[in-house]
There are 2 protein chains.
Amino acid sequence: MENNHEKCLELAKRIYDLDTNVYQLSGSSLGRTFSGDKDTHISNLATLIYTRPQGHLLRSEIALIGNMARTIRNKTERSRMMTEYNEILKEIEQIPASFGSVDIVDEQLATLNISNLHREKSPDDHLIICIGRTHGSAGTDIGFALADALKINYYDVEIFNQVLDRLEAEKDSISDRENFATKLDQVLPDTHVKRRISDFSRYHGLPKKDAVFFNQSDLIRDMAKKEDFIVMGRCADVILTNNRIPHISIFITAPFHQRVRRMMEVNHLEFKEACKLLKKLDRQHERYYNFYTGRKWGDAVNYDLCINSACYGIKESVELIERMIDKYPTSH
Amino acid sequence: MENNHEKCLELAKRIYDLDTNVYQLSGSSLGRTFSGDKDTHISNLATLIYTRPQGHLLRSEIALIGNMARTIRNKTERSRMMTEYNEILKEIEQIPASFGSVDIVDEQLATLNISNLHREKSPDDHLIICIGRTHGSAGTDIGFALADALKINYYDVEIFNQVLDRLEAEKDSISDRENFATKLDQVLPDTHVKRRISDFSRYHGLPKKDAVFFNQSDLIRDMAKKEDFIVMGRCADVILTNNRIPHISIFITAPFHQRVRRMMEVNHLEFKEACKLLKKLDRQHERYYNFYTGRKWGDAVNYDLCINSACYGIKESVELIERMIDKYPTSH
């Protein structure tokens, strides 16, 4: 825009005037952001708006005026100042590349994030909550209680192992593939079963650990197309992201000493044993996640959210997640 | 309880029967958790309930039955099975040391956590939101927009520096301490100003960096007794925890490549420059936080919550935090 510079100068004047007024009304010289020569200040401010509208400095200058304006005791005057403050803020937002205008959003992640309530929804979407956790953080207790509260299915490693063991057992005992398919149809009546059978065979020859992982991945992907559920671990967040299936990924952890205390109580362990076991389990989790995803386990950049369960406890963690995904406890 | 073992046996029978019924109704042999000899299974299950009620295995066994029960197509039968399932769950919850009964909560942290809505509130509580962030994650943009949405004050490093510089300047120009106190009273009319003045002098002699930190800390502590606000960084979370002042501590971050992309755009930098600058700023932040708190910056165990802003963007991050602290956008 040609008149952009002029516009900035006008805004700078308004900011300067607002500051002066707020200064007089709040009776504080420290509230005054600009002291000294008026023209120099306006010119500097205009340059700041023009050249670095997205910078922290401009925002801080303005925030300081707003903070002081809120302390004005006379209600009418305060309201008048806040109105002008808000109008100036809006004007600044109109400037191309103003602060807040360069977003941090990763469109792909945001599109897949079901706790981002403004994303475009599809009728095929399901409520899928992936929970990673450090051992002893009560992550599985939170996941199970959340599934119960939301009345959706809960899957953890033991359940997956049972399901896969049985699929394997059934498969071995049935020579006729179609027959096996029918059996599978009964288990998970709504899934793309036929394809999964060929997948299920596809991984033969791989090390058992890898075959289990890939079979689990396929199971998670297929389930995610058909039902709401909570899944504990299994790198489900990455599997779903790679398959472009919406979900929310949460990591639950707690300070080491709290986890140790809880492990001692739950498993009747001595302090030293609990520390040792916890470190070993953390290492195992870490290796598993890092190996199959190439990401760093427990690093906040790899999840939508991380919750410190020691700051909430089991019950409040469940309610916090319910609020985040906009499913409120019935008591609300 | 003397009849505890008997109670467990009875529960084991009910679980076994529920499993059998769900098996028949869902028409899937894979849904059946227990196959083989009935008495052995019931006995094993009773032992599991008796000895390890808090263990994952029991929960997984039960969850699997619940998952299958939800697939029963006949609505009346499904509802009947789910009722029995829920009753069994309740019975298990009654068992001392049942799963979920050993909480992870840290009473002190939970008491100070204002996003824990069930904590006991005090009329002195203020809405104080401490936001730590990695550079380029739009953390400050989120903080500023959140302050604007909640109509509360916003403080960041520039504002603190300005306030402290002016306090220092005023102090130097005023020989009479009482006079200075009056001035200060005007700035922050509601704070325990007199004490702060002596604090303000107390740190003379310390390295400037430390004096600034301690003065900031005192300012944050005093403000926190008097007003609602958002504070960016400054180790405010730890300062408030140490002073037992309720707040919520949030860490905002985003994947490195996203932060680089944003830094390039905001600051008109080349890729290499942005990477270098970001790494340098991260190191500075880390050193500052670790030095003054003895904790690890950005580690999820040191905050109530961590948010990956790339999964939300600025606007949705603000709304997510509003939901978490139970302050809903007016549009809701």
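In strand 5 of chain B, Cys306(B) has Phe251(B) standing opposite. The model is a predicted one, and this pairing belongs to a wider arrangement within chain B: strand 4 (residues 248-253) and strand 5 run parallel to each other and are joined by four bridges. The side chains of strand 5 of chain B alternate in direction, with Leu305(B) and Ile307(B) pointing one way and Cys306(B) and Asn308(B) the other. Each of these four residues is buried.

Strand 5 of chain B also pairs across to the other chain. Strand 5 (residues 305-308) of chain A is antiparallel to strand 5 (residues 305-308) of chain B, and three bridges connect them. Here Cys306(B) meets its counterpart, for Cys306(A) stands opposite Cys306(B).

The contact between the chains may now be considered as a whole. It involves 104 residues of chain B and 103 residues of chain A. The size of an interface is often expressed as the accessible area lost when the parts come together. For chain B and chain A, the area buried between them is about 8,400 Å², of which 53% lies on carbon and sulfur atoms.

Polar interactions are also present. The interface contains 43 residue pairs in polar contact, counting pairs in which both residues have pLDDT 80 or more. Two salt bridges are found across the interface; one of them joins the side chains of Arg59(B) and Asp141(A), with an N to O distance of 3.1 Å. On the side of chain B that touches chain A, helix 3 (residues 56-69) of chain B gives the most, with 10 residues. The residues of that side comprise 42 nonpolar, 34 polar and 28 charged.

Technical notes: Residues are numbered from 1 along each chain as its sequence is written. Chains are lettered from A and ligands numbered from 1 in the order in which they are written. This is a predicted model: local features need pLDDT of at least 70, side-chain atom pairs count only at pLDDT 80 or more; totals for chains, interfaces and linings use all residues. Side-chain values use heavy atoms; hydrogens and water are left out. Contact means heavy atoms within 4.5 Å. Buried area is the accessible area (1.4 Å probe) that two parts lose on being put together, summed over both. A salt bridge is a side-chain nitrogen of Lys or Arg within 4 Å of a carboxyl oxygen of Asp or Glu. A polar contact is a pair of N or O atoms within 3.5 Å; within protein, one must be able to donate a hydrogen and the other to accept it, and residues adjacent in sequence count only if both atoms are side-chain atoms. Helices (H or I, at least four residues) and strands (E, at least two) are DSSP runs, numbered from the N terminus. Ala, Val, Leu, Ile, Met, Phe, Trp, Tyr, Cys and Pro count as nonpolar, Asp, Glu, Lys and Arg as charged, and the others, Gly among them, as polar. Two strands pair if DSSP finds at least two bridges between them. Buried means under 20% relative accessible area, exposed over 50%, partly exposed in between (1.4 Å probe, protein chains only).
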